[in-house]
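Please work through the following exercises with the sequence and the 3D view side by side, and try each task before you read its solution.

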Amino acid sequence: MTVVECSSYQSTVVGVGDTAVDLDVPVCIQVAWHLQSHGAAFGTFPWAGKSKEAEIKRINKELANIRSKFKGDKALDGYSKKKYVCKLLFIFLLGHDIDFGHMEAVNLLSSNRYTEKQIGYLFISVLVNSNSELIRLINNAIKNDLASRNPTFMGLALHCIANVGSREMAEAFAGEIPKILVAGDTMDSVKQSAALCLLRLYRTSPDLVPMGDWTSRVVHLLNDQHLGVVTAATSLITTLAQKNPEEFKTSVSLAVSRLSRIVTSASTDLQDYTYYFVPAPWLSVKLLRLLQCYPPPEDPAVRGRLTECLETILNKAQEPPKSKKVQHSNAKNAVLFEAISLIIHHDSEPNLLVRACNQLGQFLQHRETNLRYLALESMCTLASSEFSHEAVKTHIDTVINALKTERDVSVRQRAADLLYAMCDRSNAQQIVAEMLSYLETADYSIREEIVLKVAILAEKYAVDYTWYVDTILNLIRIAGDYVSEEVWYRVIQIVINRDDVQGYAAKTVFEALQAPACHENLVKVGGYILGEFGNLVAGDPRSSPLIQFNLLHSKFHLCSVPTRALLLSTYIKFVNLFPEVKATIQDVLRSDSQLRNADVELQQRAVEYLRLSSIASTDILATVLEEMPPFPERESSILAKLKKKKGPSTVTDLEETKRERNVDVNGGPEPAPASASAVSTPSPSADLLGLGAAPPAPAGPPPSGGGLLVDVFSDSASAVAPLAPGSEDNFARFVCKNNGVLFENQLLQIGLKSEFRQNLGRMFIFYGNKTSTQFLNFTPTLICSDALQSNLNLQTKPVDPTVDGGAQVQQVVNIECVSDFTEAPVLNIQFRYGGTFQNVSVKLPITLNKFFQPTEMASQDFFQRWKQLSSPQQEVQNIFKAKHPMDTEITKAKIIGFGSALLEEVDPNPANFVGAGIIHTKTTQIGCLLRLEPNLQAQMYRLTLRTSKETVSQRLCELLSEQF
């Protein structure tokens, strides 16, 4: 018996005599080989080409012959037994039931001949039920083969365990296979089979695979000399690390080391594992996926080596191809896209993120459709990164062109997703216009999703709400059938909540309703808005009360019952707004078509409205039919519907929802101010964010402890844990960004999404349970010092004390900056997991610069103000060594993310960076000027801050210095 090792991406071949059998070839092909090689076939298949009846007749004859052989007095030799069991297996694969021969197959397992044992295992894998009475005999035979130390027999046994993969198999062998895997004398081919067999058992019965000493030893298989073993071990470790990251965290450094050796090697160094000039592409992909189970390495040496690997992969992507064959480009691009996924996952290296974006941009115009699709999909994720958002926006014209010209609907859908992801205030009107244009010819399968995205973008980035109204009405005109109730409900809410747009909305819908053919959704919007605000345009003779009523009533007979009911409510509103049309409306309500309508809802409304208009006094009518009050601010129902359409909520909701970048919240123009006449209307700076609305009441009475600001639950809390490792580093990363993952361990993930405007802010905290077990008594608490409490008001809403496995809960924190501050609040989370008390504390990234309002200034104004702030108490300067690569674009992005306006062509030295802004607090406003002077040769910076208050200058200088 000989064992021949093929290349890495072929299977182990076992030879017996002149017959070779591939262990990884499907069962049916192996059976056919045996039937043909050993003369056990049914001749030339005499039923071929004949009727089904002929086949059944021939099968039944053969089954009777095999049954008689098994029951005969003469004992069958191993060859004959194997031949007949093989025939039964072939008959089963043809679709016929087999109810005998199982014991003969089990007997073959005890044979010492490979071909007989293999047929026995094939039969067991396919035909034996896990509840079979023979399972004990089968398990004994498998145990004997595993203990035999014969690599061929061990391989057959492991394959059988993996093929059956039942819970019973896991109970019998889950404790044995890890020992085989880490044993020093196990052959490489058996290690590969053992790793993949254990992976199969873990996927089917994870609770039966015990974690133990073997876990630390299996990690070291990543250093094995045999790359086939490394490949199988990487697949196993990746799956195990997703559920038990702490057990396998040492695999990060080993994976980086192995990856480094692969990507820096030449194709000739790994000849057996080189696929079309690409060294070990499948192993590289698996290692990169393993690294995505963990945050960026904390060890600077490992992190630097990983960065070098990723840079090398990006560099190789720019090299000319070494082969024109598609296999070469496929393997090369597989490694590249997985490397980009890791860069996006870490979201910590601005240089790599920008390079990845540029590389994906080249694929956007590639002739291969699959590459264009993958590039668009990856760029959607990149668009949510603070560091690469601007780089993604440079490809907007290419993405718009893809939306218009791509043949494949899936590519067009990804292009629409990317436009949605890259949208901000600077390009919102262009993107919305392009999506509306595409909507007219879009595939029916994606129209509803595009409608939702257009509605969300129009609302989110509406600086001028007249544009928002125009956009939604245009949306209804183009794709009215796909405009859900949530969309037109939302436009009604916004119009009612904003005094400044009500008159324009009434005028616009009145004009839109004059079209000969109006979609029913437009009639609903028109009826509602004119019923509330028709009086604002009634002074124009062209839109007098009677004309408004006649226009709406002309659409009445074309509408469905719910829309007719809405129009009847509009008519009774008109009775209150326009007494001069009262008689006309009463005639309509009194008509037989209304009072005797077959629909009970319409009939009841007509009767009640007619009676109300007849007997009620003017004062009563005015009270009953008064203008709708403003709607309470809440999450957009359109956004909720889009989330539901995209799938169930996960821990990564923070990335599925488009993040508004710092430059938009702090640097974008403010919405047009609303009229202040309505006391209940939210302030213009907070109409959609809800920042200006009255904050929610605390969950309970304020605690008596001086240092405790908010205790979410009434139970007495245990001692607060010290800050978690890495908390300070994560805190520093949020100084120039508002969204991301603040903390993560093997149990819990904490994500943030924040919005700030002037001295108000709102922070959404997402708590994700990464395990399959419930968190009980889940208690998040915000802790502030006495000094911080007087300068920063925080109010929060309670969360559910039970967090299901794999679920996520959200907590909202409303923030008000009363005065400048230097400290940051601490978020303490306490809960029980599996009976064990867990206590985690992290710093919450609420810093003074979050309340920046950017200010544009000309050069002369800047330096005039600079001289005015020249006293020693107003200036703070810091000279420091650069901690990160001195990249101009990244520096600009960080200054903008910090909150100040970046002033171009102000400083005489074009290499310097100048910024200006105003810190908004409840008590005062503090003007701030900054100047950053880089020295590329010395790799140093000089940062100068001048403000009207010394403590503010000092704090801003400390925060910004840590970013470069």
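**Exercise 1.** Find what kind of unit β19 and β20 form, and say which residue in the turn has a positive phi.

Solution. In this predicted model, begin with the turn: β19 and β20 form a hairpin with four residues between them, and within that turn Q939 has a positive phi of about 55 degrees. Next, look at the pairing itself, where β19 and strand β20 (residues 940–947) run antiparallel and are joined by eight bridges. To fix the register, take N935, whose bridge partner in β20 is M940. Finally, turn to the strand before: β18 (residues 913–920) and β19 (residues 925–935) pair in the antiparallel sense over eight bridges, with V914 standing opposite R931 in β19, and these two strands also form a hairpin with four residues between them.

**Exercise 2.** Determine the strand order of the open sheet of five strands, and identify its edge strands.

Solution. Reading across the sheet, the order is β7-β8-β9-β12-β11, and the pairing is antiparallel. The edge strands are β7 (739–744) and β11 (792–796), because each of them pairs on one side only. From one strand to the next, the twist averages 25 degrees. At the β7 edge, the pairing with strand β8 (residues 748–757) is antiparallel and runs over five bridges, and there F743 has I750 of β8 as its bridge partner.

**Exercise 3.** Decide whether the axes of α22 and α24 are roughly parallel or roughly perpendicular, and list the residues that make the contact.

Solution. Two packed helices are described by the angle between their axes and by the distance between those axes. For helix α22 (residues 428–439) and α24, the axes come within 10 Å and cross at roughly 15 degrees. Angles under 35 degrees count as roughly parallel, and α22 and α24 are therefore roughly parallel to each other. Their crossing is left-handed. On the α22 side the contact is made by A428, Q429, V432, L436 and L439, while α24 contributes W467, T471, N474, L475, I478 and A479.

**Exercise 4.** Which two residues touch the most other members of the largest nonpolar core, and which helix supplies its largest share?

Solution. The largest nonpolar core has 205 residues, and the two that touch the most other members are I142 and L475. The largest share of this core, ten residues, comes from helix α24 (residues 465–479). Then follow I142 outward: leaving aside its neighbours within four places in sequence, I142 is in contact with Y121, A157, C160, I161, M169 and F173. Another core, of 60 residues, lies apart from the largest one, and F898, Y941, L943 and L945 are among its members.

**Exercise 5.** Where are F277 and E905 found, and is each of them exposed or partly exposed?

Solution. Most residues other than glycine have a negative phi. Against that background, F277 has a positive phi, near 70 degrees, and E905 also has a positive value, near 55 degrees. F277 is found in the loop between β4 (274–275) and β5 (278–279), whereas E905 is placed in the loop between β17 (901–902) and β18. For the last step, compare each relative accessible area with the cut-off, since exposed means over 50%: F277, at 42%, is partly exposed, and E905, at 79%, is exposed.

Note on methods: Residues numbered from 1 in each chain as written. Predicted model: local features only at pLDDT ≥ 70, side-chain atom pairs only at ≥ 80, totals over all residues. Heavy atoms only, no water. Core = buried A, V, L, I, M, F, W, Y, C linked by side-chain atoms within 4.5 Å. Buried < 20%, exposed > 50% of the residue type's maximum accessible area, 1.4 Å probe, protein only. Contact = heavy atoms within 4.5 Å. Pairing = 2+ DSSP bridges. Axes fitted to C-alpha atoms, helices over the stretch in contact; angles between N-to-C directions. Parallel < 35°, antiparallel > 145°, perpendicular 65-115°, else oblique. Left-handed = near helix turned anticlockwise from the far one by under 90°.
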